[in-house]
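Please look through the structure below before reading on. The paragraphs after it go from one helix outward to the contacts between parts.

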Amino acid sequence: MPRLKSAADLEKLRQEILSRINGKRIISVTNGTDGRTRGSKEVVQALIQEIESQGLKEKVQLRSTGCHGFCETEPAALIFPEEICYVGLKPEDVPEIVSETLSEGKVIERLLYQYPATGQNIAKESEIPFYQPQSRIVLGNNRFVDMESIEDYIALGGYSALAKVLSEMSSEEVIDIVRGSNLRGRGGAGFTAGVKWDTTHNAPGDEKYVIVNADEGDPGAYMDRSLLEGNPHSVLEGLIIGAYAIGSHQGYVYVRQEYPLAVENVSIALKQMREYGLVGENILGSGFDFNITVHRGAGAFVSGESSALMASIEGRVGEPRPKYIRTAVSGIREKPSNLNNVETWANVPLILNKGDDWFSKIGTEGSKGTKIFSLVGKVNNTGLVEVPMGMTLREIIYKIGGGIPGGKKFKAVQTGGPSGGVIPESLLDLHVDFDELSRAGSMMGSGGMIVMDEDTCMVDVAKYFVDFLCFESCGKCIPCREGLYQMRVILNRICQGEGMEVDIELLTVLGEMMRECSLCALGQTASNPVLSSIKYFRDEYEAHIAEKRCPACVCKPLTTYYIDPEKCMACMICLRSCPVEAISGGKGEMHVINQEKCTKCGTCFEMCPDRFSAVVKISGREAPAPLKTPAG
Amino acid sequence: MRRTDKGKTTNRTDKKTEYSETVSSESEIQVAEATPSEIAADVNININGKNVKAKSGMTVLEAARSADIFIPALCYHEELSSYGACRLCMVEIVSGRRSRLVASCLYPVEEGLEVQTESERVVKHRKVILELILTRWPWVDKNLLERYDVQESRFVENTNFCILCGLCVRYCNEVKKANVLGYIGRGTERQIVIYAEEALKVCPTCDGGAMGCRSVCPTGIIPNEFAQTGPRFGKKVPLAYPARAYEENNVRDVLYMVGDWRMPWVQKSHTERK
């Protein structure tokens, strides 16, 4: 492939690619990390062989794409132009797909998505209730591009924003458009990208850096991974545009080593870009030089903090430094460095192509555009959700997420990972954007959204996040390191039933001190899960401390297992499965748990058939004495 | 000016060659040097209602100390780079519309800055931080505790004497350029380590055997003999061994083998405690 020397060359190439795929049937199979855990690699392999053996190679194009969003239905396939969506594929389904749909365009009913509420089969992807309320302007492109194909991206109009910027616009004009769009950083704090770019642009010095932050570490969040895996070119195009605007000639992609596919796909993308002359010297004949290096992070959550990330790129320990002088002025090697999240960069080409007016029409007053959330936890439909800013939590959880499984009651939703907080049912109509979430004591974070049902203990949740942070804090400053240690001690004793009356006050005092005195954003937000759960679920803390009762029956030391004699059918299932033989009884003889022997592993609770539900969890009171003394 | 890490800038000069492909050498020189007029400029700031003249490039802590205004700090030392870890030196500043807490050992002075070193907000948090330090190191300066009305810590004891202020590490790296000390572990597991092989070579000769790092340690937990001869307790000697006492047994070991303490009262209090 000869290097592209101008915007016209790029357009010529695009027309050529389009004419090549014109009239072909296209099948996009999800083959990202989430798909692969469900065997999508085998499906893709089978498709390649089957298309070959049925002689459809000229008529069909196979795309192995990143995640489309609805992760739990993967491996899924999307067939264009009909837009037929098949879900939950297995290699056995492949011959039929090829012979029926790919060659004849017929729909295979049994592979379609079945909507649980009505039992109806839905053929078109856009009609699936999970996708319907979404507007997938960023993530949606994952459907149209093969993870390893630059041609697919160019066919989609990729790099046209870059070509436009390099040939027609000055760096100030680019910054003006980005600032005009009011794009806010998708990494968590929500700082306006245009202002940050401007600061870096105006900072003295010629040596400047631009960085993609793909060190996504929040438990339960994976939108950056899916974007970087599925459509790396969109992120890299944004990066080059940013570099041009800022005046940088060296960029970094800081990606977690734990994301091997993302690392691989970005590296492939960079190789292709070099071949096409989209990175390196004299990009598209404009005279602008820019290099990109992929830097793999060594697995530290704190390295997602900008100054720690830059220290890590320099080869030092990933530890934050105080940012009284911003990294935009003094970052990597004390040179001005502009860092943005994967999703922020991916938004940039869209804004440049469609204009800042188009972008600022989406979203709310203070937060523009869309945001990708990873909707996980106790919700029917889990996956990546891209919605305009300002959609209510209720819509996201009930309309897109399909509500809570098993008819359970919704309790809370945790947004923003370990830095965020919990939001109770009373705030479900909150319009999700940067400001509303922080007003509720939580934060946007990178977009994790963990839904919890009535079986969740909020003290236990706070304890989980504090445990996570105890390990992931860098340990440099006292408020964060010692504060988290003490919080863990206090939360542990509350969950053990040894909580003291002062504990809630101690947690609050510690939390407030950490919020104001910690060195970096990790410490400043580390107390959010604790403070927000105290704010909204104080009664649960009090029940743990005063009544020694865990309302959700999660904290093991406060919970006892008990077999309801009225419901027990003496079926022997729990009796046989008990690992410590604490259950006595026999065939036709009532089962009784010997509380002294019981280790509270919960096996009997899991094993008791749903139709009996005889094993129950009790907290806050003694298990009732058995009706009769069990034999033996 | 102490904000820039002198030790590191020297290291960086040889690193730069790696990246110089993309950058012209002229530009680097422009960035590296600040104009002399900037350094000499006088800045007027206001600390606790008192006008203080400071030099541009100074930190708030330096300015306050030059005007005899007390700000407590444990991880700060005049000869070393600021680290900002103990957070005792947090002060409230009014900058523009809002007031916020900043670490005075790192925050650079700026014209018209208003600083409160003992505001209600500051004192409230400083008290909690002192309590946290007390959980690790039971012998915090009594005057300091009295000043902030801390009788005892409300939190559980986590005694391991070292408060991880990092003064010894910075002293070893910046003043001695020996790099014998460093950190290991993350979060609540963070510890100071001594690189044993280097320590055996360097420590016995350092300051004529008196070891400079001991002179900066606020807790006095760096044992003398220990660092001079290298780690010798325990049967296996790993390459990186904690130089500090980090758990109850280890504390006893360290105290047992160490005869010469810089602060005799430390040993005394420890025996009393037993």
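Directly after helix H13(A) comes Gly355(A), which has a positive phi, near 95°. This value, like the others here, belongs to a predicted model. H13 itself spans residues 342-354 of chain A and is mostly covered, with 11 of its 13 residues buried. The buried set includes Trp345(A), Asn347(A), Val348(A), Pro349(A) and Leu352(A). Glu343(A) is also among the buried residues of H13(A). As background, an α-helix has 3.6 residues a turn, so residues three or four places apart point the same way.

What does Ile241(A) touch, not counting residues up to four places away in sequence? Its partners include Val348(A), Pro349(A) and Leu352(A), which are also listed as buried residues of H13(A). Ile241(A) further touches Ala161(A), Leu162(A), Val165(A) and Val174(A). In the largest nonpolar core, which has 242 residues, Ile241(A) is one of those with the most contacts inside the core. Ile240(A), Ile396(A), Ala73(B) and Cys89(B) are the others named for this. A second, separate core has 14 residues, including Cys574(A), Leu575(A), Ala582(A) and Cys604(A). In soluble globular proteins, nonpolar side chains tend to be buried together.

H13(A) can also be approached from a loop. Gly187(A) is in the loop between helix H7 (171-181) and helix H8 (193-202) of chain A. Is Gly187(A) buried or exposed? Gly187(A) is buried, because 25 other C-beta atoms lie within 10 Å and 20 or more are enough for a residue to count as buried. Leaving aside neighbours within four places in sequence, Gly187(A) is in contact with Asn213(A), Asn341(A), Thr344(A) and Ser446(A). Of these contacts, Thr344(A) is listed among the buried residues of H13(A). Gly187(A) and Asp215(A) are 28 residues apart in sequence, and their C-alpha atoms are 9.9 Å apart in space.

Chain A also has an open sheet of five strands, in the order E12-E11-E15-E13-E14, with mixed pairing. Strand E12 (383-388) and strand E14 (422-424) stand at the edges with a single partner strand each, so one side of each is left without a neighbour in the sheet. On average, neighbouring strands of this sheet are turned by 30° against each other, direction ignored. Within the sheet, strand E13 (residues 410-415) and strand E15 (residues 448-453) pair in the antiparallel sense over five bridges. Thr415(A) stands opposite Met449(A) in E15(A).

Chain B has 274 residues, of which 36% count as buried. Its secondary structure consists of 12 helices and eight strands. Among contacts in chain B with a separation of 6 or more, 57% are between residues 24 or more positions apart. The domain assignment of chain B gives domain 1 (42-158) and domain 2 (167-273). Their contact takes nine residues from domain 1 and 10 residues from domain 2. On the domain 1 side there are six nonpolar, two polar and one charged residues.

The last topic is the contact between the chains. Chain A gives 36 residues and chain B gives 34 residues. Helix H17 (458-472), helix H18 (478-495) and helix H19 (503-517) of chain A each supply at least two residues of the side that touches chain B. H18(A) gives the most to this side, with nine residues. By class, the side of chain A that touches chain B has 19 nonpolar, eight polar and nine charged residues.

Definitions and conventions
Residues are numbered from 1 along each chain as its sequence is written. Chains are lettered from A and ligands numbered from 1 in the order in which they are written. This is a predicted model: local features need pLDDT of at least 70, side-chain atom pairs count only at pLDDT 80 or more; totals for chains, interfaces and linings use all residues. A residue is buried if 20 or more other C-beta atoms lie within 10 Å of its own, exposed if 12 or fewer, and partly exposed in between; C-beta atoms are placed from the backbone. Helices (H or I, at least four residues) and strands (E, at least two) are DSSP runs, numbered from the N terminus. Two strands pair if DSSP finds at least two bridges between them. Axes are lines fitted to C-alpha atoms, for helices over the stretch in contact, and angles run from 0 to 180 degrees between N-to-C directions. Two residues are in contact if their C-beta atoms, placed from the backbone, lie within 7 Å. Ala, Val, Leu, Ile, Met, Phe, Trp, Tyr, Cys and Pro count as nonpolar, Asp, Glu, Lys and Arg as charged, and the others, Gly among them, as polar. Domain bounds come from an automatic or database domain assignment. A nonpolar core is a set of buried Ala, Val, Leu, Ile, Met, Phe, Trp, Tyr and Cys residues joined through C-beta atoms within 7 Å.
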